[in-house]
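I set out to look up how the two chains meet, what a record says about one of them, and how one chosen side chain is placed. My entries follow in that order.

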Amino acid sequence: MASATSADTFPNMSSLGEAHIDGERRLPAQPTNPVMETRDLNVFYGDFHAVHDVNLAYGRHEITAMIGPSGCGKSTVLRCLNRMNDLIAGAHVEGGVLYHGQDIYEKNVDPIAVRTQIGMVFQKPNPFPKSIYDNIAYGPRVTGMKVDNMDDLVEEALRGAALWDEVKDKLKQSAYGLSGGQQQRLCIARTIATKPDVILMDEPCSALDPIATARVEDLMLELRNEYTIIVVTHNMQQAARVSDRTAFFTARPDETTGNRTGLLVEYDLTSTIFSNPNDKRTEDYISGRFG
Amino acid sequence: MSIAATTARQVTLATGKSKDRTPVSLAFLVALWFSLFFGVVVLLALIINTAIDGSGRFDIELLTNYVSVVRPEATGFRAGILGSLWLMGFTALMAVPLGIAAALYLEEFADPTTRWNRFVEVNLQNLAAVPAIVYGLLAVAIMALLGFRDTGIVLGGALALALLILPVIIITTREAVRAVPREIREGSLALGATVWQTTWRQTLPSAIPGIATGTILGLSRAIGEAAPLVVVGLAGSLLFDPEGVMSSVTALPMQIYSLTSNSREALREAASAAIIVLLAMVLGLNALAIFIRNKFQRSW
Ligand SMILES: Nc1ncnc2c1ncn2[C@@H]1O[C@H](COP(=O)(O)OP(=O)(O)OP(=O)(O)O)[C@@H](O)[C@H]1O
Ligand SMILES: [Mg+2]
């Protein structure tokens with residue numbers, strides 16, 4: 001496990017542009033063969049138009065960050081990607097969300113099946129009021145996954161989430177006894193236990209301290225080798241540190257109603273977004289001139 | 001002084017004791033205290049008075065004997081106590097699964113915007129305020145529909161009491177279910193669990209302490225009820241123990257009701273003692289509810 005010093009947890013703002021050094025990772029300008037795509041995605045909550053015409057492609061084994069001011073629809077877009085928006089009364093979606101070319105909003109698609117492939121980690125750690133072991137085993141059990149040895153699967157998931165060493169002696173204890181950061185990694189372990197393809201994360205570190213944040217970030221970079229990760233974050237340093245590509249959203253007030261509808265401003269390699277963005281609004285936001 | 005401290009001081013000045021001591025607010029305070037005092041004192045006086053009336057009869061025969069007109073000084077409430085226990089058991093058996101199922105449906109599955117569900121919602125609120133006797137009539141009607149001639153049996157009494165406490169159980173279960181955070185449900189659903197699995201494996205287990213508390217409070221109300229049982233036609237006194245759902249039965253409050261107006265001093269004395277027994281049973285149930293609530297209470 002990598003240890004993080006506070007220096008690399010918080011690079012100062014001026015060095016943000018260089019904070020993400022692409023190193024050996026050479027990525028094409030556009031994701032080739034994307035795992036997921038949104039096509040002209042529009043989301044409504046009742047009459048309220050929350051998100052307008054989002055077109056995004058999420059590359060395989062990449063980390064895509066979605067950033068932007070509060071209320072611009074990042075979570076909304078994220079929740080469309082595994083149909084969690086179905087659970088909100090009055091929410092409705094237009095356009096398409098493609099997963100390996102298949103529109104997950106088509107009538108014959110079972111949202112339960114979608115969610116087993118596309119897992120989600122939430123802003124606030126939300127372990128179940130059960131033992132650590134049962135938290136991990138829950139997903140495989142409810143989805144009827146064929147498991148030869150649950151103990152092995154639990155260990156594998158906990159190792160995958162870099163939590164095994166900390167909890168291996170207290171698997172039967174309540175998950176509520178863990179620290180916030182450990183709980184969040186438990187939630188990640190719980191998600192990877194069902195062997196998803198894509199992991200969605202909605203501000204996964206916003207409730208964590210810098211050290212726990214650094215650990216989750218390290219974990220994300222490791223998980224990238226096996227999973228496709230899409231992360232919403234308010235922390236621009238975090239986007240710069242972990243993501244391969246960044247999508248910047250903003251909200252535009254409607255001239256007649258004054259409702260703020262979210263839209264995608266710019267989508268590019270993270271190194272580009274943070275060093276020379278094309279759009280003035282992106283630059284203003286990243287350089288802190290816009291809240 | 002820091003800004004925070006200054007603000008705090010202003011708030012204290014604005015709401016502090018000094019302003020609470022106007023004559024009007026003092027008078028109001030005294031009125032409140034008096035109301036509280038009055039309620040408690042009347043209740044205490046009643047209990048003490050009853051206890052003194054029944055003081056001669058706090059013996060084991062009070063629990064183990066049947067009512068006896070021949071030997072009133074050795075009369076006991078065995079049939080009523082056992083009857084009440086049987087009734088509670090079957091009441092719980094009927095009301096708890098039904099109440100939980102109804103509450104889960106309303107909270108987790110129903111669409112609250114449809115007309116039908118709003119209708120159910122409004123009715124539920126009102127049901128809790130319906131006089132107990134009405135549930136007795138309802139039970140008689142149901143028993144008649146089921147083809148029972150004699151309704152004064154365990155099944156009939158339990159049915160009336162189950163109907164009586166169903167709204168209480170539904171309302172408390174809904175509250176307990178609502179207290180389970182949305183994040184838990186979302187976490188479960190995001191793993192690919194169905195709504196049904198989520199309800200069964202997450203929401204319901206987390207709500208069980210609340211459900212248990214509500215159920216016991218419901219039962220402690222049912223155990224003291226005589227009116228619906230009178231309507232159902234339970235006997236005021238029996239000389240045998242209940243033996244099954246179809247067996248004739250009496251209940252402790254029924255026996256008390258029939259003996260308090262008896263002309264014999266010894267029987268009235270026994271009734272007073274039985275009231276204390278009933279009170280102890282109710283208090284016991286309430287204590288159990290409080291114990292469960294404190295023991296399993298979870299702060300999310
Ligand atoms: N359940 C809901 N019902 C109605 N409106 C909603 C709901 N959820 C979000 N919205 C609205 O949709 C818009 C986008 O919200 P969303 O949560 O996607 O923003 P966000 O970019 O994630 O913001 P934040 O950074 O604060 O999390 C907001 O105007 C919000 O008020
Ligand atoms: Mg959000």
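**Interface, extent.** I began with the area that chain A and chain B bury between them, which is about 1,800 Å², with 62% of it on carbon and sulfur atoms. Buried area here is the accessible area (1.4 Å probe) that two parts lose on being put together, summed over both. I then noted that P129(A), Y138(A) and V142(A) lose the most area to chain B within chain A, together 28% of what that side buries. By contact (heavy atoms within 4.5 Å), 25 residues of chain A meet 18 residues of chain B.

**Basis of the values.** I record that this is a predicted model, in which local features need pLDDT of at least 70 and side-chain atom pairs count only at pLDDT 80 or more, while totals for chains, interfaces and linings use all residues. Residues are numbered from 1 along each chain as its sequence is written, chains are lettered from A and ligands numbered from 1 in the order in which they are written, and side-chain values use heavy atoms, with hydrogens and water left out.

**Interface, polar terms.** I looked for salt bridges (a side-chain nitrogen of Lys or Arg within 4 Å of a carboxyl oxygen of Asp or Glu) and found one between chain A and chain B. R79(A) and E186(B) form a salt bridge, their closest N and O atoms being 3.3 Å apart. I also counted five residue pairs in polar contact between the chains, both residues at pLDDT 80 or more. A polar contact is a pair of N or O atoms within 3.5 Å; within protein, one must be able to donate a hydrogen and the other to accept it, and residues adjacent in sequence count only if both atoms are side-chain atoms.

**Record for chain B.** I found that UniProt, in an unreviewed entry, lists residues 81-289 of chain B as "domain: ABC transmembrane type-1"; such annotations may be inferred rather than shown by experiment. I read that span as 76% helix and 0% strand, with its end C-alpha atoms 21 Å apart. Helices (H or I, at least four residues) and strands (E, at least two) are DSSP runs, numbered from the N terminus.

**One side chain.** Is R245(A) buried or exposed? I find R245(A) buried, at a relative accessible area of 1%, where buried means under 20%, exposed over 50% and partly exposed in between (1.4 Å probe, protein chains only). R245(A) lies in strand β9 (residues 245-253) of chain A, and its side chain reaches the backbone oxygen of A29(A) at 2.9 Å.
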